[in-house]
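Me: Can you walk me through this one? I would like to start with how the copies meet.

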There are 2 protein chains.
Amino acid sequence: MNTDRHLIEKTISSETIYEGKIIKVKLDEVLLPDGKKAKREIVTHPGAVAVLALTDDNKMVAVRQFRKPLERTIVELPAGKLEPGEEPLTCAKRELQEETGYQASHFVHLSSFYTSPGFADELLHLYLATGLKPGPARPDEDENVEVLELSLEEAHELHAQGEIGDAKTVLALFAWENRMWKARG
Amino acid sequence: MNTDRHLIEKTISSETIYEGKIIKVKLDEVLLPDGKKAKREIVTHPGAVAVLALTDDNKMVAVRQFRKPLERTIVELPAGKLEPGEEPLTCAKRELQEETGYQASHFVHLSSFYTSPGFADELLHLYLATGLKPGPARPDEDENVEVLELSLEEAHELHAQGEIGDAKTVLALFAWENRMWKARG
């Protein structure tokens, strides 16, 4: 947009710091709108999906999982990274089934958002899944998860206790609560 | 917790890949619960705050800002990184004033969440600020922002258009909407 011109940072140089299995790290030098220079540390990520899967009795399907960056387990929405070229909806169906065993008859896109735009380009696509049918889970080889089913009240309680505490899951809790307000009219 | 023992990944080795100004990157080798090994790419970050600042006429104070990882501007909550040793609430007050000029008479903690726990330890503290008084903004040297005031409807419209599209801001929109439902009872 033309109106953004006074905000734009132009790339002067870009140095690749690390090319990992999941993330890449680069260090860009930029020209600021006022002519000064600055450095920008950037993590690139393939993108991901997450699923707010609600059972017929209005419980959220969640997974408890160890997160190495936090050195602890947290309770989250089923989620996973996009495979190269994979459609987000395909990925959402795959991850829900792999991690929880559930298949859903109905998917609705709720929101897509950048998880941390200050330093990373990860875009996460959030879906609502309903019409759930249970089945066998088949997690990835290096993935160990425990499946839970939580009412909205139980989920809020876990958030208050810090057991639920990641952006996509907290965002989904608020979205779910809105949905319930709307249903009540 | 004892019940987590079957999910825990033990660190075998940890290699520092990059120590930047804001982020650090390390590559850990872990022992999985089943005895197999895996690699974990980890970004460490000082943590951050964001502020849902609502004016007396129930508008959200937002900032449009260029985000180098996305190569575009987006509209977000006022937010910023924690300085070493800084209390999140102190940081929230500082960032709100620096980026928008506003000072608030009342702050409430809404939620704290990890932005992307699969690869990063960034913890973001979200506050609600009310009782706003305008004043002069004084952004950081390398920070160029444009201040907006948006109704909930305008904010949802910007989200639908992709202008609002980061986790903390979308999360705050849903939290704000819940607050309005609750006020209506």
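**Copies and contacts**

Reply: The copies meet through the same surface, because 100% of the interface residues of chain B are also interface residues in chain A. Contact here has two residues' C-beta atoms, placed from the backbone, within 7 Å. This is a predicted model: local features need pLDDT of at least 70, side-chain atom pairs count only at pLDDT 80 or more, and totals for chains, interfaces and linings use all residues. Residues are numbered from 1 along each chain as its sequence is written, with chains lettered from A and ligands numbered from 1 in the order in which they are written.

Me: What turn and shift lay chain B on chain A?

Reply: A turn of 180° and a shift of 0.0 Å along the axis, with an RMSD of 0.0 Å. That is the relation of a two-fold axis. The superposition is by least squares on C-alpha atoms of residues with pLDDT of at least 70 in both copies.

Me: Which residue of chain B comes closest to the rotation axis?

Reply: Leu171(B), with its C-alpha at 2.3 Å.

Me: Switching to the sheet. What is the strand order in chain A?

Reply: E6-E5-E10, three strands in an open, antiparallel sheet. Strands are DSSP runs (E, at least two residues; helices are H or I, at least four), numbered from the N terminus, and two strands pair if DSSP finds at least two bridges between them.

Me: And how many bridges join E5 and E10 of chain A?

Reply: Six, with E5(A) spanning residues 60-67. Met60(A) stands opposite Leu150(A) in E10(A).
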